[in-house]
Amino acid sequence: MYFNAPGKENTKATLEAAYKRAQELGVNEIVLASSKGDTAYAALEICKGMKITAVTYHCGFTTPFVSVMKEEIKQDLESKGVRVISATHALSGVERSLMNKYNGGLCPVLIMADTLKLFGQGPKVAVEVSIMAADGGALTGADIIAVGGSGRGADSALVIKPAGQSHVFDMKIREIICKPREF
């Protein structure tokens, strides 16, 4: 399924398509990007019976020592069964800091991220949060549905055989369920 444009207005349709495909494949784990909790709450409504992992920015992403997702939101989501992972971006992290400090240069992880962005921001984010969830110990290693977006909300969903950053090239992007056509 393709959306005409990226954006949070695609969140419900993305999650519905992701849930439908998960049911068809027998996949019971969904990993999604959710910076403030909105996408995670939407997944709770739509993805009934699935193990939901919400991945949010690392502490200090926008303001040093401050989490983007409010603690009360994180606690509420966790009380509803959502695993919340707060982690450094798997496809930039410290490498972005080195690039900024030393005025560019060759940065292999950022090249990987930019290559994935050829499919759009949402698919890149879906891959990234699956790595972060694997590194956070939230996944079993079975195929997952990974959901990402372009800014706020969700507009892309992939079927992925996940892997953590130490074995990233063992990851398999099995299917693209949906994504924006224009980005």
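**Exercise 1. What volume does the largest pocket have, and which residues are closest to its centre?**

Solution. Start with the volume: in this predicted model, the largest pocket has about 470 Å³. Next, look at the lining, which is made up of 28 residues. Closest to the centre among these are Ala-33, Ser-35, Tyr-57, Val-125 and Gly-151.

**Exercise 2. Which helix gives the most to the lining of the largest pocket, and how do the lining residues divide into nonpolar, polar and charged?**

Solution. First find the elements that each supply at least two lining residues: helix H2 (38-46), S3 and helix H6 (121-135) are among the lining in this way. Of the contributors, H6 gives the most, with 6 residues. Then sort the lining by character: 7 residues are nonpolar, 13 are polar and 8 are charged.

**Exercise 3. In what order do the strands of the open sheet stand, and why is one side of S1 and of S4 left without a neighbour?**

Solution. Walk across the sheet of 7 strands and you meet S1-S7-S6-S5-S2-S3-S4, with mixed pairing. Now look at the two ends of this order: S1 (2-3) and S4 stand at the edges with a single partner strand each, so one side of each has no neighbour in the sheet.

**Exercise 4. In which sense do S3 and S4 pair, and over how many bridges?**

Solution. Take S3 (residues 51-56) and S4 (residues 83-86): their pairing is parallel and has 4 bridges. Follow the chain from S3 and you pass through helix H3 (residues 71-79) before reaching S4, a β-α-β crossover that is right-handed. For individual partners, match Ala-54 with Val-84 in S4, and place Thr-53 opposite Arg-83.

**Exercise 5. Which strands does helix H1 lie across?**

Solution. Locate H1 at residues 11-25, then list the strands beneath your finger: S1, S2 (29-33), S5 (144-148), S6 (156-161) and S7 (172-180). Finally, read the direction: H1 runs at about 145° to S7.

Note on methods
Residues numbered from 1 in each chain as written. Predicted model: local features only at pLDDT ≥ 70, side-chain atom pairs only at ≥ 80, totals over all residues. Heavy atoms only, no water. Pairing = 2+ DSSP bridges. Right-handed = clockwise from strand over helix to strand, strands pointing away. 1 Å grid on protein atoms, 1.4 Å probe; cavity = no way out; pocket = protein on both sides within 12 Å on 5 of 7 lines; lining within 4 Å. Points joined across faces, edges and corners; volume = space filled by probe spheres on them. Nonpolar A, V, L, I, M, F, W, Y, C, P; charged D, E, K, R; others polar. Contact = heavy atoms within 4.5 Å. Axes fitted to C-alpha atoms, helices over the stretch in contact; angles between N-to-C directions.
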